[in-house]
Amino acid sequence: EPDFLRVAAGDTVVFIPTDKGHNAETVKGMIPEGAEPFKGKMNKEVSVTLTQDGIYGIECKPHYAMGMVMTIAVGDVSQAPDDFFAGRVPKKAKARFEEQLSNL
C-alpha cells in the first residue's frame with residue numbers, strides 16, 4: 001500500500017516490508033525505456049530513485065500471480081504505453097494493473 005503513486009522524476013520511493021515473505025521489484029518489460037530495473041530482497045526495505053518519466057509496473061515476486069502489484073507514474077504521463085501488457089501477465093495482476101492505471 002498504496003498500490004498507485006504519482007511522483008516527479010528524481011523522487012525516491014521507499015518500499016517498507018510489513019509482513020514476511022514479500023519483496024518489491026520491477027516487472028520485466030513494464031518500465032520506461034532507459035530506466036533501470038530494480039529487485040528488492042525478501043523482507044528487506046528497498047529505496048529507489050526514479051529518474052525516467054513513464055509508467056513503472058512493480059510486483060511482489062512470490063505473489064505476482066495473486067495480483068500483488070503496484071503502478072508508479074513518474075512525471076506528467078496520462079496513459080500507459082501500448083506495449084505495457086506485451087509480456088505474460090497473470091490474470092489477477094493484469095486486472096489490478098488496469099484498475100491502477102485508471103488513476104492516470
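Hi everyone, let me start with the packing of helix 1: its buried residues sit against strand 1 (4–7), strand 5 and strand 6 (69–74). Please keep in mind that this is a predicted model.

So which residues of helix 1 are buried? Helix 1 covers residues 91–101, and the buried ones there are Ala93, Phe97, Gln100 and Leu101. These residues span an arc of only 95° around the axis, so they lie on the same side of helix 1. Turn to the other side of helix 1, and you find Lys91, Lys92 and Glu99 exposed.

One more residue from this helix, please: Ala95 also has its place in helix 1. Is Ala95 buried, partly exposed or exposed? Its relative accessible area is 43%, and because buried means under 20% and exposed means over 50%, Ala95 counts as partly exposed. If you would like a sense of distance, take Lys39, which is 56 residues from Ala95 along the chain. The C-alpha atoms of Ala95 and Lys39 are separated by 23 Å.

Now to the aromatic residues. How many aromatic pairs does the structure hold? There are 4. In one of them, Phe84 with Phe85, the ring centres are 5.3 Å apart and the planes stand at 80°, so this pair is edge-to-face. For the angle, the cut-off behind that label is over 60 degrees.

The two partners differ in accessibility: Phe84 is buried, at 4% relative accessible area, whereas Phe85 is partly exposed, at 26%. Phe97, which we met among the buried residues of helix 1, comes back here, since ring pairs link Phe84, Phe85 and Phe97 into a cluster. Phe85 has a further partner in Lys94, whose charged end sits over the Phe85 ring, 5.3 Å from the ring centre.

Last stop, strand 5, one of the strands that the buried side of helix 1 packs against. Strand 5 runs over residues 54–59, and Glu59 belongs to it. Here is a detail I would like you to look at on the screen: Glu59 is buried yet has no salt bridge. Which side chain of opposite charge is nearest to Glu59? That is Lys61, 4.0 Å away.

And what does Glu59 touch, leaving out residues up to four places away in sequence? Its contacts are Asn23, Ala24, Glu25, Thr26 and Val27, together with Tyr64, Met68 and Val69. Thanks for listening, and do shout if you want to look at any of these again!

Conventions:
Residues numbered from 1 in each chain as written. Predicted model: local features only at pLDDT ≥ 70, side-chain atom pairs only at ≥ 80, totals over all residues. Heavy atoms only, no water. Phe/Tyr/Trp six-rings, centres within 6.5 Å; stacked < 30°, edge-to-face > 60°. Buried < 20%, exposed > 50% of the residue type's maximum accessible area, 1.4 Å probe, protein only. Lys NZ or Arg CZ within 6 Å of the ring centre and 35° of its normal. Helix = DSSP H or I, 4+ residues; strand = E, 2+ residues; numbered from the N terminus. Lys, Arg positive; Asp, Glu negative; His and termini not counted. Contact = heavy atoms within 4.5 Å. Arc of directions from axis to C-beta.
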